[in-house]
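This report describes one protein model, beginning with a charged residue and its surroundings. The overall form and the nonpolar cores follow.

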Amino acid sequence: DGRITRVNAANNQLWGLPPETTSWEQYGEWVGYWPATGERIQAHEWAMARALLHGEVVVGELVECEQFGTGERRFFLNNAAPIRDASGRIIGGVVAELDVTSRRHAEEQLQLLYVREQAARASAEEASRLKDEFLATVSHELRTPLTAFLGYTHLLQSRQRDEAYVSRTVEKMQRSAKAQAQLIEDLLDIGRIVSGKLRLEPRPVDLRGVVQAALDTVRPAA
């Protein structure tokens, strides 16, 4: 009928002092949960009830329980089997519980460390990808004003040069050189950002001048 006839000290240490149980239907008073779903274990679902009612042998079933009196949660592996008489009739059952709370907590910590390590690895891979993109962009941006500079140099060498033409070309060469110097300064700014020493100085910008400078930079290559 499910009446508990004997418990040992280890069971009381795991569960606390349980109430007197005279029927398997009262197993619902034992507060336990299925760790996989968090659902409470019903009276007929306990390993002992299944062994008594159906003759089931249960081995290593993970259960989370709440101690009577304290409410402290513990994990244990539940094992149960029916006891039969000579004719095979079920006359009782036996249950053995292995407390694995410490092991469970250790596994949870390992899982947490694994998740953190995976996140750190993903972050490092993303940083590496961004670094590669940054280097590719920097290489392109540094090459652009240098190409313009070399283009103007070629024009000065290959054309008939009057003073006005030379002056305009030299001015554009200076602009290209300044653009490259600004890119290098931007790279230095990245170091200042990382070290927390970057100081911003907002000021108005003539967008027409920015567009015209960009056109002048790429015109020789075009």
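E64 is buried in this predicted model. Its relative accessible area is 13%, which is under the 20% that marks the limit for a buried residue. The residue sits in strand β2. Its side chain is not without a charged partner: E64 and R73 form a salt bridge through their side chains, with 3.5 Å from N to O. The pair also counts as a polar contact between side chains, at 3.5 Å. R73 is partly exposed, because its relative accessible area of 38% falls between the 20% and 50% cut-offs. Leaving out residues up to four places away in sequence, E64 touches V31, G32, Y33, P35, R73, R74 and F75.

**Salt bridges**

The structure contains 14 salt bridges. Three of them are listed here with their N to O distances.

| Residue 1 | Residue 2 | N to O distance |
|---|---|---|
| R73 | E64 | 3.5 Å |
| E201 | R199 | 3.3 Å |
| R208 | D206 | 3.5 Å |

How exposed are R208 and D206? R208 counts as exposed because its relative accessibility is 69%, over the 50% cut-off. D206, at 44% relative accessibility, counts as partly exposed. Elsewhere, salt bridges with shared partners link R50, E56 and E61 into one network. For the pair E201 and R199, both residues are exposed.

**Nonpolar cores**

In soluble globular proteins, nonpolar side chains tend to be buried together. The largest nonpolar core in this model has 19 residues. Within this core, W15, Y27, W46, V63 and F76 touch the most other members. Four elements each supply at least two of the core residues: helices α1 (9-15) and α2 (47-54), and strands β2 (58-66) and β3 (73-84). The element that gives the most is α2, with five residues.

Which residues does W15 contact, once neighbours within four places in sequence are set aside? They are W30, V31, W46, C65, E66, Q67, F68, F76 and E97. This list includes W46 and F76, which are, like W15, among the residues that touch the most other core members. V31 is in contact with W15 and is also touched by E64.

Another core lies apart from the largest one and has five residues. Its members include A148, Y152, L156 and M173.

**Overall form**

The protein has five helices and four strands. Read from the N terminus, the elements follow the order α-β-α-β-β-β-α-α-α. The C-alpha trace spans about 120 × 35 × 25 Å along its principal axes. The radius of gyration is 39 Å, whereas a compact globule of 222 residues would have one near 17 Å.

How much of the protein is buried? Buried residues make up 23% of the 222 residues. The accessible surface comes to about 15600 Å², and carbon and sulfur atoms account for 56% of that area. Among contacts in the protein with a separation of 6 or more, 47% are between residues 24 or more positions apart.

Key:
Residues are numbered from 1 along each chain as its sequence is written. This is a predicted model: local features need pLDDT of at least 70, side-chain atom pairs count only at pLDDT 80 or more; totals for chains, interfaces and linings use all residues. Side-chain values use heavy atoms; hydrogens and water are left out. A nonpolar core is a set of buried Ala, Val, Leu, Ile, Met, Phe, Trp, Tyr and Cys residues joined through side-chain atoms within 4.5 Å. Buried means under 20% relative accessible area, exposed over 50%, partly exposed in between (1.4 Å probe, protein chains only). Contact means heavy atoms within 4.5 Å. A salt bridge is a side-chain nitrogen of Lys or Arg within 4 Å of a carboxyl oxygen of Asp or Glu. A polar contact is a pair of N or O atoms within 3.5 Å; within protein, one must be able to donate a hydrogen and the other to accept it, and residues adjacent in sequence count only if both atoms are side-chain atoms. The radius of gyration is taken over C-alpha atoms; the globule rule is 2.2 Å times the number of residues to the power 0.38. Accessible areas come from the Shrake-Rupley method with a 1.4 Å probe; for residues, only the protein chains shown count as cover.
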